[in-house]
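Please look through the sequence and the structure shown below, and keep them at hand while you read this report. It moves from a metal site to sheets and helices, and then to some unusual points of the backbone.

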Amino acid sequence: MKKDKIKYFLRSGLHFFSPVVCPNCNSRNATKIDQKYLVTRLFRCDYCSLQFRHPLDSQKFNNSFYQDEYRQDDGITTDLPKPEELKEMIETDFTSSPKNVGTFVKIFNSIVSDVKDIKMVDYGSSWGYMSYQFRKRGMLIQSFEISKPRANYGNKNLNLDIKSNPEDLKPGNDIFFSSHVIEHVPSIPDMINISRRLLDTEGYFVAECPNGSQGFRKRDPIGFNKAWGLVHPSYLSEDFYQWLFKENPYLILTSPYDLNLIRGWDQLSQVTHKTDGDQLLVIARPNTRLKSL
Ligand SMILES: [Zn+2]
């Protein structure tokens, strides 16, 4: 077992009896829905439906963890490539990379007619492998990454302008995009407020994350159990997003993405499609009120 995992279980054991409080709405009413290795449990908030790991990390721990310790073993998210590896990625336009943005560009093109000249925030950009590709496709990108070493790498090697403080991002954007970020952040309300400040009144909040919906759990119970834990303190589901954007238009769907469902959405109503894939995608308009409200 790796050192950071051992530390995680020790920390979890020490805080096993700490109160169970929803990190989204502060409710103390939550139901246990899953458990791992005795000391870590997954709760579901009875009020807002957020599924969260207990014990939770402190904000201080979270900040220092994502500066240096955070590792994903996919060879790109948290690994800073060597010069020759980066050169290869750029020369092949990230074609063979798991972080190729082709699918996301198709998704954006299904919401707006053409991504060219669209203003977008890449929130939680790591070292900028996606920001770089989006910019190449003509999008006007601002990037944010909490880890300074990763931000510095992208700024230096990809000529990006990745900020490490969300205050430095400018408003007036069409899309606030995040991929595998919302399940890591210590405060989802903070992230939503940042998106509201940065988006135009018509703008779109687009986020992909591991799918914690019951439909996915039913289809793949082992995959469901695997996807929450040390690096995923929150495990978002369709009903949490329905709560989060209850006053706004939204579209909720699952991988593999059917672009016809996105094109078919009127962008004014609340639509949830089947959510049994391993990824959950939400497209919401946080600054647009529902017509009926
Ligand atoms: Zn809650």
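Cys45 is buried in this predicted model, because its relative accessible area is 1% and a residue counts as buried when that value is under 20%. Cys48 is buried as well, with a relative accessible area of 0%. Both residues belong to the zinc site, where the ion is coordinated by the SG atoms of Cys22, Cys25, Cys45 and Cys48, at 2.3 Å. Along the sequence, these donor residues follow the spacing C-x2-C-x19-C-x2-C. Why is the arrangement of the four donor atoms around the zinc ion tetrahedral? The angles that the four donor atoms subtend around the zinc ion run from 102 to 118°, and four donors count as tetrahedral if all angles lie between 85 and 135 degrees.

Cys45 also falls within strand β2, which covers residues 40-45 and is joined by four bridges to strand β3, residues 51-54, the two strands running antiparallel. Within this pairing, Leu42 has Arg53 of β3 as its bridge partner. Strands β2 and β3 are part of an open sheet of four strands, whose order is β1-β2-β3-β9 and whose pairing is antiparallel. At the edges of this sheet stand β1 (30-36) and β9, and each has a single partner strand, so one side of each is left without a neighbour in the sheet.

A second set of pairings involves strand β12, residues 279-284, which is mostly covered, since six of its six residues are buried. Which residues of β12 are buried on one side, and which on the other? Gln279, Leu281 and Ile283 are buried on one side, while Leu280, Val282 and Ala284 are buried on the other, so both faces of the strand are covered. This division can be read with a general rule in mind: in a regular strand the side chains alternate between the two faces of the sheet. Strand β12 pairs with β8 in the antiparallel sense over six bridges, and in this pairing Val282 of β12 is the bridge partner of Ala207. Strand β12 is also joined to β10 by five bridges, again running antiparallel, and here Leu280 of β12 is the bridge partner of Thr254.

Turning to the helices, α7 spans residues 188-198, and its buried residues are Ile188, Met191, Ile192, Ile194, Ser195 and Leu198. They cover an arc of only 160° around the axis, which puts them on the same side of α7. A general property of helices helps in following this: an α-helix has 3.6 residues a turn, so residues three or four places apart point the same way. The buried residues of α7 pack against the strands β4 (119-123), β7 (173-179), β8 (199-210) and β9 (234-235), and also against helix α10 (238-244). At the N-terminal end of α7, Ser187 acts as a cap, with a side-chain oxygen that lies 3.0 Å from the backbone nitrogen of Asp190.

Helix α5, residues 129-136, is mostly covered, with six of its eight residues buried. Those buried residues are Tyr129, Met130, Ser131, Tyr132, Gln133 and Phe134, and they pack against α3 (83-91), α4 (102-111), β4, β5 (140-144) and β7. Just after α5, the backbone at Gly138 takes a positive phi of about 90°.

Positive phi values also occur in residues that are not glycine. One of these is Asp117, with phi near 70°, which lies in the loop between α4 and β4. Another is His180, with phi of about 55°, which lies in the loop between β7 and α7. Are these two residues buried, exposed or partly exposed? Asp117 counts as partly exposed because its relative accessibility is 49%, and His180 also counts as partly exposed, at 26%.

The last topic is the cis peptide bonds listed in this table.

| Residues joined | Omega | Loop that holds the proline |
|---|---|---|
| His54 and Pro55 | about 0° | Pro55: between β3 and α2 (59-69) |
| Ser255 and Pro256 | about -10° | Pro256: between β10 (250-254) and α11 (259-264) |

Note on methods. Residues are numbered from 1 along each chain as its sequence is written. This is a predicted model: local features need pLDDT of at least 70, side-chain atom pairs count only at pLDDT 80 or more; totals for chains, interfaces and linings use all residues. Side-chain values use heavy atoms; hydrogens and water are left out. Donors are N, O and S atoms within 2.8 Å of the metal (3.2 Å for Na, K and Ca); water is not among the atoms, so sites may look incomplete. Four donors count as tetrahedral if all angles lie between 85 and 135 degrees; four count as square planar and six as octahedral if opposite donors are over 155 degrees apart and all others between 65 and 115; anything else is irregular. Buried means under 20% relative accessible area, exposed over 50%, partly exposed in between (1.4 Å probe, protein chains only). The arc is that of the directions from the helix axis to the C-beta atoms. Contact means heavy atoms within 4.5 Å. A polar contact is a pair of N or O atoms within 3.5 Å; within protein, one must be able to donate a hydrogen and the other to accept it, and residues adjacent in sequence count only if both atoms are side-chain atoms. Two strands pair if DSSP finds at least two bridges between them.
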